[in-house]
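I opened this notebook to keep a record of what I looked up in one chain, going from the overall picture to single side chains.

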Amino acid sequence: AAVFARAESGGITMRAGEIVVEAEDVDATWGVDLTAQGHIDVAIDSIYVTGFTGSWEGATGSGNGLNMSTRTSATVSVGSIDAGSGINVSGAIDTRYLDAQISVTAGDIVTRANYGRGIDVGQFFGSSDIAFNSIRTEGSGATGVELESGFDSYFYSLTTAEITGGSIETVGDYSDGMNVSSRMGSHSAQVGSITTSGARSNGVTSTSLVGANLAIGSVETAGDYSVGIQAEGMVAPPSIPLGTFEVEGIDIEAGDVATTGGSAQGILVTGVGPVTIKVNSVETTGDSYVFEPGEYYGGGGGPIGPGLPLPGGVASDEPGDELPTGPASIGIEVAASFGDIVVEAGSVTTSGDGAHGLWIDLQGDEWSSEDQQVTVGSVQTSGALADALRLRNQTGGAIAATVAGDVLAQDGTGINLIGNGETSVTVAAGGMLR
């Protein structure tokens with residue numbers, strides 16, 4: 001490393017201008033590598049690492065920018081990074097520092113190694129604040145922003161995280177724009193635009209226990225099994241006492257969401273609600289992904305949805321055998337329980353077979369009572385057996401659908417309602433069902 005420091009007690013403070021590392025034929029190096037028991041405070045104008053070989057494998061790195069590890073808080077400010085991987089911060093790992101804070105501020109980051117990360121933050125406790133201007137990753141398995149918080153299965157305190165940024169672009173396979181996991185807390189994200197072009201590269205992947213608030217200006221994915229926005233509300237583990245916290249649910253607000261790959265839903269929400277989605281437009285153009293002979297499927301080989309064969313296996317390579325397929329590229333898909341579902345969509349367009357415009361399933365039983373409210377402008381589906389709106393409420397609550405524009409299912413049902421409670425459809429002035 002150009003700068004290597006370790007503090008066995010206390011913290012580290014560092015100020016630097018430009019850091020350049022020419023790591024030719026060096027398989028593992030960091031531009032800056034810091035480890036401390038106490039607080040780390042870093043401000044660097046720029047980091048540039050070139051000439052590295054191999055791929056980042058999660059050990060000591062391969063031509064990476066900045067690595068930091070602390071038992072408590074950290075403050076990081078970097079103007080720009082061009083390296084194998086960007087910023088890695090591991091902190092708040094000691095129960096003595098339940099209120100620890102990790103703050104990362106960055107300008108423009110470019111990463112060029114496989115498995116690199118633009119910004120990667122891991123914390124057990126406390127809060128995280130991540131802000132950046134732009135991130136671009138070029139390797140396979142290279143996520144733009146990755147956050148993991150609340151790893152401990154035993155309850156101490158809830159974590160919070162806030163992410164704000166301008167743009168994220170990833171070009172390799174298995175390279176999500178953002179992968180955010182709050183297993184013992186909640187997070188929020190506000191990002192202007194996210195673009196991914198590789199297979200199995202979601203725009204956003206979110207997992208949360210308490211809640212997630214996602215505000216994304218635009219999302220575009222081009223690869224197979226690359227969902228625009230995927231969010232899951234977790235069930236609380238048994239180690240958390242009942243009544244410890246109130247579930248906030250999943251709140252998604254987006255501008256335009258577009259996917260072109262096979263088995264690539266526009267928005268996919270599963271798990272524990274309540275769920276609120278407000279989106280200007282969603283467009284999917286892919287069919288269900290058809291697995292190649294000998295290709296592994298199921299068991300985590302992509303988003304789980306109707307049509308994905310489980311348990312996992314290997315597609316047959318015998319002549320004439322039917323090949324398994326993934327889920328349809330549904331526009332907005334919600335399969336959630338324990339809370340109301342509210343969806344407002346300006347326009348939804350799909351063209352794949354079985355790709356419903358909206359497939360909203362409020363799960364539970366008739367003894368519970370949660371409501372489902374869906375308001376749409378225009379919804380058009382052109383694939384075989386693709387409904388414009390398929391709405392199901394398995395609880396005793398109501399379904400209320402409002403149509404403000406043109407709803408057209410060329411080879412499916414315009415509105416398909418399945419419920420135990422009251423159901424209603426309102427066609428506003430200017431609306432049309434065809």
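The entries below follow the order in which I looked things up.

**Entry 1: the chain as a whole.** I note at the outset that this is a predicted model. I looked up the secondary structure and found zero helices and 32 strands in the chain. I then turned to burial, where 52% of the 434 residues count as buried. For the accessible surface of the chain I wrote down about 17100 Å², with 46% of that area belonging to carbon and sulfur atoms. Among contacts with a separation of 6 or more, I found that 77% are between residues 24 or more positions apart.

**Entry 2: salt bridges.** How many salt bridges does the chain hold? The count comes to 10, and I went through several of them in turn.

I began with R112 and D82, whose side chains meet in a salt bridge with an N to O distance of 2.8 Å. R112 belongs to the loop between β8 (101-111) and β9 (117-123), whereas D82 is in strand β6 (residues 74-83), so this pair ties together parts that lie 30 residues apart in sequence. Is D82 buried or exposed? At 19% relative accessibility D82 counts as buried, because the cut-off for that class is under 20%. Its partner R112, at 41%, counts as partly exposed.

I next looked up E169 and R136, which form a salt bridge at 2.9 Å, again taken from N to O. E169 sits in strand β12 (residues 159-170) and R136 in strand β10 (residues 127-137), so that the pair links distant parts of the chain, 33 residues apart. Both side chains fall in the partly exposed class, E169 with a relative accessible area of 32% and R136 with 29%.

Which residues are joined into one network by salt bridges that share partners? I listed D82, R112, R136, E138 and E169, so the two pairs described above belong to one network.

**Entry 3: R390 and its surroundings.** I looked at R390 from two sides. D387 forms a salt bridge with R390, and the closest N and O atoms are 3.0 Å apart. The charged end of R390 also sits over the ring of W359, at 5.7 Å from the ring centre. As to accessibility, D387 is buried at 4%, while R390 is partly exposed with a relative accessible area of 26%.

**Entry 4: aromatic pairs.** I found two aromatic pairs in the structure. In the pair I examined, the rings of F124 and F125 have centres 5.9 Å apart and planes at 40 degrees, so the pair is tilted. I checked the accessibility of these neighbours in sequence as well: F124 is partly exposed, with a relative accessible area of 28%, whereas F125 counts as buried at 3%.

**Entry 5: a nonpolar patch.** Which residues make the nonpolar surface patch of about 220 Å²? I wrote down V425, V427 and L433. Of these I followed V427 further, which lies in strand β31 (residues 423-427) and, at 39% relative accessibility, counts as partly exposed.

Key:
Residues numbered from 1 in each chain as written. Predicted model: local features only at pLDDT ≥ 70, side-chain atom pairs only at ≥ 80, totals over all residues. Heavy atoms only, no water. Phe/Tyr/Trp six-rings, centres within 6.5 Å; stacked < 30°, edge-to-face > 60°. Buried < 20%, exposed > 50% of the residue type's maximum accessible area, 1.4 Å probe, protein only. Lys NZ or Arg CZ within 6 Å of the ring centre and 35° of its normal. Patch = residues over 30% accessible without salt bridge, like charges linked within 9 Å, V, L, I, M, F, W, Y side chains within 5 Å. Areas by Shrake-Rupley, 256 points an atom, 1.4 Å probe, with all protein chains shown as cover. Salt bridge = Lys/Arg side-chain N within 4 Å of Asp/Glu carboxyl O. Helix = DSSP H or I, 4+ residues; strand = E, 2+ residues; numbered from the N terminus. Contact = heavy atoms within 4.5 Å.
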